[in-house]
Amino acid sequence: MRETVVLLVVGLTPRLLGPHTPKLAALAARGAMRPLTTVLPAVTCTVQSTLLTGLLPRDHGAVANGWYFRDLAEVWLWRQSNRLIAGEKLWEAARRRDPRSTTANMFWWYNMYGTPDVSATPRPMYPADGRKIPDHYAEPPDLHDELDRALGPFPLFKFWGPAADIDSSRWIARATQHVRRTRRPTLTLCYLPHLDYGLQKYGPDPTDPRVAADLAQIDTLCGELIDEAERDGAAVIVVSEYGIVPVRDAVPINRVLREAGLLRLRVEMGRELLDPGASRAFALADHQLAHVYLQHGTDPGTVRRLLEGVDGIGAVLDEAGKREVGLDHPRSGELVALARPDRWFSYYWWLDDARAPDYAPTVDIHRKPGYDPMELFVDPAIRWPKLAIGWRLAKRKLGFRTLLDVIPIRDTTLVKGSHGLPTTDAADGPLVISSEAALLPEGAVPATAFKQLVLDHLFTG
């Protein structure tokens with residue numbers, strides 16, 4: 001076996017490699033780089049599940065970053081149990097081939113209650129008083145306090161939200177280095193999300209000084225991990241899940257279904273809440289894809305024709321369409337809507353902002369029935385944002401249950417980058433870089449072949 005380190009650099013594309021990424025570009029030059037042919041939807045949970053199992057969504061079950069649990073009549077995104085994902089995982093295949101193989105999975109998704117030897121993943125604490133306290137979950141359990149002593153608490157609010165920055169990726173990188181030095185796994189998986197934030201906020205133009213700065217930061221971090229791995233004689237693989245493309249606005253698909261009389265809402269304290277179990281049709285919006293769930297005898301053909309006429313929707317997949325792209329899993333919606341390449345789907349259903357749910361202007365990835373990139377911004381209408389946030393945090397410290405309601409909910413043109421669809425140009429799509437040029441095949445690497453590619457690195461040479 002040869003020790004192998006896999007760095008998942010979110011949003012990295014061939015077009016972004018260049019003067020701002022000298023360490024990554026050097027790895028590609030002395031090794032090799034290939035485009036990655038990703039899956040639909042090209043979103044975190046789906047792609048990572050395919051990379052680790054070699055299966056399409058129809059087989060592993062991660063049809064998006066979440067789905068409608070029909071038996072509960074509830075939408076759940078960002079669940080963490082590995083038991084939700086079917087199929088033999090990469091580390092299980094390695095262990096089957098050689099029982100001496102060990103794996104550290106550092107922050108890839110669905111990383112709880114799985115079978116790696118070592119793992120860590122974000123896991124906030126939610127006390128009964130309503131607070132959200134940054135924390136992480138680790139296996140074995142003593143690794144949790146070990147990492148806290150070495151690095152301090154995991155910077156959750158730098159991992160997602162308006163304050164997201166390089167600090168969260170740096171913490172993950174340092175934790176990965178600590179695990180490699182103290183546990184010596186034969187396979188190490190490290191998730192580095194930093195580029196995701198700026199590319200969605202500003203768009204994927206590497207000449208934008210803000211994007212260039214983000215590229216330089218993640219390149220420095222990757223360089224440290226690459227240098228240390230190669231000093232140890234390890235093979236290094238860099239992979240990305242998707243490429244982020246420029247977008248100009250959102251498609252409020254649930255408002256379309258509401259206006260057609262298909263969406264059911266309930267009012268609580270003057271706020272309109274989606275009632276999924278009672279709705280004849282509703283959409284779980286996830287970047288550039290939306291699962292549309294139909295119930296109570298709703299005719300698929302009627303809804304499909306309705307959605308196909310909506311500005312910003314590029315296609316609507318029925319059962320045959322889902323089969324063709326590998327999304328024909330029971331967790332998928334009866335229909336799957338795909339945005340046009342320059343648009344993305346919002347989960348919004350309210351017509352009056354004053355009646356939006358109270359969680360809408362907050363960072364709340366578990367309560368919102370759809371992905372919300374607006375959580376990366378502070379509402380531009382807030383004149384003194386730092387003062388507003390500080391005042392809310394101070395009230396929380398004094399024991400008041402106060403919403404951190406600073407996220408914009410009106411101007412969806414703020415979001416400049418999105419993903420989820422296959423890109424038309426491979427330069428804008430995901431990639432694979434390997435220090436071992438001979439192990440990369442000619443041409444694009446299918447996401448379903450990545451598992452075997454990593455095994456080849458582990459067991460060749």
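The following questions and answers concern a predicted model of a protein.

Q: What radius of gyration does the protein have, and what would a compact globule with 461 residues have?
A: The C-alpha atoms fill a box of roughly 60 × 55 × 45 Å along the principal axes. For 461 residues, a compact globule would have a radius of gyration near 23 Å, and the value for the protein agrees with this. The protein has a radius of gyration of 22 Å.

Q: How many helices and strands make up the secondary structure, and what share of the contacts with a separation of 6 or more lies between residues 24 or more positions apart?
A: The secondary structure comes to 13 helices and 21 strands. Among contacts with a separation of 6 or more, those between residues 24 or more positions apart account for 70%.

Q: What percentage of the accessible surface belongs to carbon and sulfur atoms?
A: Of the 461 residues, 57% count as buried. The accessible surface of the protein comes to about 18400 Å². The part of this surface that belongs to carbon and sulfur atoms is 54%.

Q: How far apart are the mean positions of the positive and negative charges?
A: The protein has 55 positive and 57 negative charges. The mean positions of these two sets are apart by 3 Å.

Q: Why is helix 7 described as largely enclosed, and which elements do its buried residues pack against?
A: Helix 7 spans residues 194–202, and 8 of its 9 residues are buried, so the helix is largely enclosed by the rest of the structure. The buried residues include His194, Asp196 and Lys201. Their packing partners are strand 1 (4–9), helix 6 (166–183), strand 8 (187–192), helix 8 (209–231) and strand 19 (417–418).

Q: Which residue just after helix 2 takes a positive phi?
A: Helix 2 covers residues 44–53, and 10 of its 10 residues are buried. Among them are Thr44, Cys45, Gln48 and Thr53. Just after this helix, a positive phi of about 75 degrees is taken by Gly54.

Q: Which residue takes a positive phi just after helix 7?
A: The helix in question ends at residue 202. Just beyond helix 7, a phi of about 95 degrees is found at Gly203.

Q: Why is there no bond between the sulfur atoms of Cys190 and Cys222, and how many disulfides does the whole structure hold?
A: A disulfide is a covalent bond between the sulfur atoms of two cysteines. The closest cysteine sulfur to that of Cys190 is in Cys222, and at 7.9 Å it is too far for a bond. Cys190 is buried at 0% relative accessibility, and Cys222 is likewise buried, with a relative accessible area of 0%. A search of the whole structure finds a number of disulfides equal to 0.

Q: Is Val292 buried or exposed, and how far in space is its C-alpha from that of Gly87?
A: Val292 belongs to strand 15 (residues 289–294) and counts as buried at 0% relative accessibility. Beyond four places in sequence, Val292 touches residues including Ile253, Phe282, Val303 and Leu335. Val292 and Gly87 are 205 residues apart in sequence, and their C-alpha atoms are separated in space by 26 Å.

Q: Which residues does Asn254 contact, leaving aside neighbours within four places in sequence?
A: Asn254 is found in helix 9 (residues 253–259). With a relative accessibility of 1%, Asn254 counts as buried. Its contacts beyond those neighbours are Leu263, Phe282, Ala283, Tyr347, Tyr348 and Trp349.

Q: Where in the structure are Pro41 and Pro140 placed?
A: The peptide bond from Leu40 to Pro41 is cis, with omega near 0 degrees, and a cis peptide bond also joins Glu139 and Pro140. Pro41 is placed in the loop between strand 2 (32–37) and helix 2. Pro140 is placed in the loop between strand 7 (136–139) and helix 5 (142–151).

Q: What phi does Ala73 take?
A: Ala73 is located in the loop between strand 3 (66–69) and strand 4 (74–77). With a relative accessible area of 28%, Ala73 is partly exposed. Although Ala73 is a residue other than glycine, its phi is positive, near 55 degrees.

Q: In which loop does Arg184 lie?
A: Arg184 is not a glycine, yet it has a positive phi of about 50 degrees. At 40% relative accessibility, Arg184 counts as partly exposed. Its place is the loop between helix 6 and strand 8.

Terms used:
Residues are numbered from 1 along each chain as its sequence is written. This is a predicted model: local features need pLDDT of at least 70, side-chain atom pairs count only at pLDDT 80 or more; totals for chains, interfaces and linings use all residues. Side-chain values use heavy atoms; hydrogens and water are left out. Helices (H or I, at least four residues) and strands (E, at least two) are DSSP runs, numbered from the N terminus. The radius of gyration is taken over C-alpha atoms; the globule rule is 2.2 Å times the number of residues to the power 0.38. Buried means under 20% relative accessible area, exposed over 50%, partly exposed in between (1.4 Å probe, protein chains only). Contact means heavy atoms within 4.5 Å. Accessible areas come from the Shrake-Rupley method with a 1.4 Å probe; for residues, only the protein chains shown count as cover. Lys and Arg count as positive and Asp and Glu as negative; His and the chain ends are not counted. The place of a charge is taken as NZ of Lys, CZ of Arg, CG of Asp or CD of Glu. A disulfide is a pair of cysteine sulfur atoms within 2.5 Å.
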